[in-house]
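Trainee: Could you show me how to read a protein model, one feature at a time?

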Amino acid sequence: MLIALIAHDKPGALQIRKDTRDAHLDYLKSTGVVSQAGPLLDDEGAMIGSLVILDVADKAAAEEWAANDPYARAGLFQSVTLTAWKKVI
């Protein structure tokens, strides 16, 4: 099942993102369930959140994955949504 994780950073939390970026990227690569991923950007191109497409067994697996993301553990996100997603193209 594909799940879209959409997370928005807390205001003023860019340093948290920078400090945990390497651990976050390692986590994305090592878990084997990330189909696509990248930062959300504001109009000036600054990172303000994350979009991650997870290929997992169920929503509970996506919730567990999200809770263990180094960004989440560091308190980066203001909000996180997990929504089933269907790839068309």
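Mentor: We will go through a helix pair, a nonpolar core and a few single residues in turn. Please keep in mind that this is a predicted model.

Trainee: Let me begin with the helices: at roughly what angle do the axes of H1 and H2 cross?

Mentor: To read a helix pair, one compares the directions of the two axes, and angles over 145 degrees count as roughly antiparallel. Here the axes of helix H1 (residues 14-31) and helix H2 (residues 59-68) cross at roughly 150 degrees and come within 11 Å, which means that H1 is roughly antiparallel to H2. The crossing of these two helices is right-handed.

Trainee: Which residues make the contact between H1 and H2?

Mentor: On the H1 side the contact is made by Tyr27, Leu28 and Thr31, while H2 contributes Glu64, Trp65 and Asn68. If we sort the residues of this contact by character, three are nonpolar, two are polar and one is charged.

Trainee: Next I would like to understand the core: which residues have the most contacts inside the largest nonpolar core?

Mentor: The general idea is that, in soluble globular proteins, nonpolar side chains tend to be buried together. In this model the largest nonpolar core has 17 residues, and those with the most contacts inside it are Ile3, Leu5, Leu54, Val56, Ala62, Trp65 and Leu82. Two or more residues of this core come from each of E1, H1, strand E3 (47-55), H2 and strand E4 (77-84).

Trainee: What does Leu5 touch, leaving aside its neighbours within four places in sequence?

Mentor: With those neighbours set aside, Leu5 is in contact with Ser50, Leu51, Val52, Trp65, Ala66, Val80, Thr81 and Leu82.

Trainee: And where does Val56 lie?

Mentor: Val56 is in the loop between E3 and H2, and it counts as buried because its relative accessibility is 7%, where the cut-off for buried is under 20%. Apart from neighbours within four places in sequence, Val56 contacts Met1, Ile3, Val33, Ala61 and Ala62.

Trainee: Now for accessibility along a strand: is Ala7 buried or exposed?

Mentor: Ala7 lies in strand E1, and with a relative accessibility of 0% it counts as buried. His8 lies in strand E1 (residues 2-9) as well, but at 37% relative accessibility His8 counts as partly exposed.

Trainee: Which residues does each of them touch, not counting residues up to four places away in sequence?

Mentor: On that count, Ala7 touches Leu40, Ile48, Gly49, Ser50, Phe77, Ser79 and Val80. For His8, the residues touched are Leu40, Ile48, Gly49, Phe77, Gln78 and Ser79.

Trainee: How should I read distance along the chain against distance in space, for example how far apart in space are Ala7 and Leu51?

Mentor: It helps to look at both values side by side, since the chain folds back on itself in some places: Ala7 and Leu51 are 44 residues apart in sequence, and 6.6 Å apart in space from C-alpha to C-alpha. His8 and Leu28, by contrast, are 20 residues apart in sequence and 17 Å apart in space, again from C-alpha to C-alpha.

Trainee: Which helix holds Leu25?

Mentor: Leu25 is found in helix H1, and it is partly exposed, with a relative accessible area of 27%. The C-alpha atoms of Leu25 and Tyr71 are separated by 9.7 Å, although the two residues are 46 apart along the chain.

Definitions and conventions: Residues numbered from 1 in each chain as written. Predicted model: local features only at pLDDT ≥ 70, side-chain atom pairs only at ≥ 80, totals over all residues. Heavy atoms only, no water. Axes fitted to C-alpha atoms, helices over the stretch in contact; angles between N-to-C directions. Helix = DSSP H or I, 4+ residues; strand = E, 2+ residues; numbered from the N terminus. Parallel < 35°, antiparallel > 145°, perpendicular 65-115°, else oblique. Left-handed = near helix turned anticlockwise from the far one by under 90°. Contact = heavy atoms within 4.5 Å. Nonpolar A, V, L, I, M, F, W, Y, C, P; charged D, E, K, R; others polar. Buried < 20%, exposed > 50% of the residue type's maximum accessible area, 1.4 Å probe, protein only. Core = buried A, V, L, I, M, F, W, Y, C linked by side-chain atoms within 4.5 Å.
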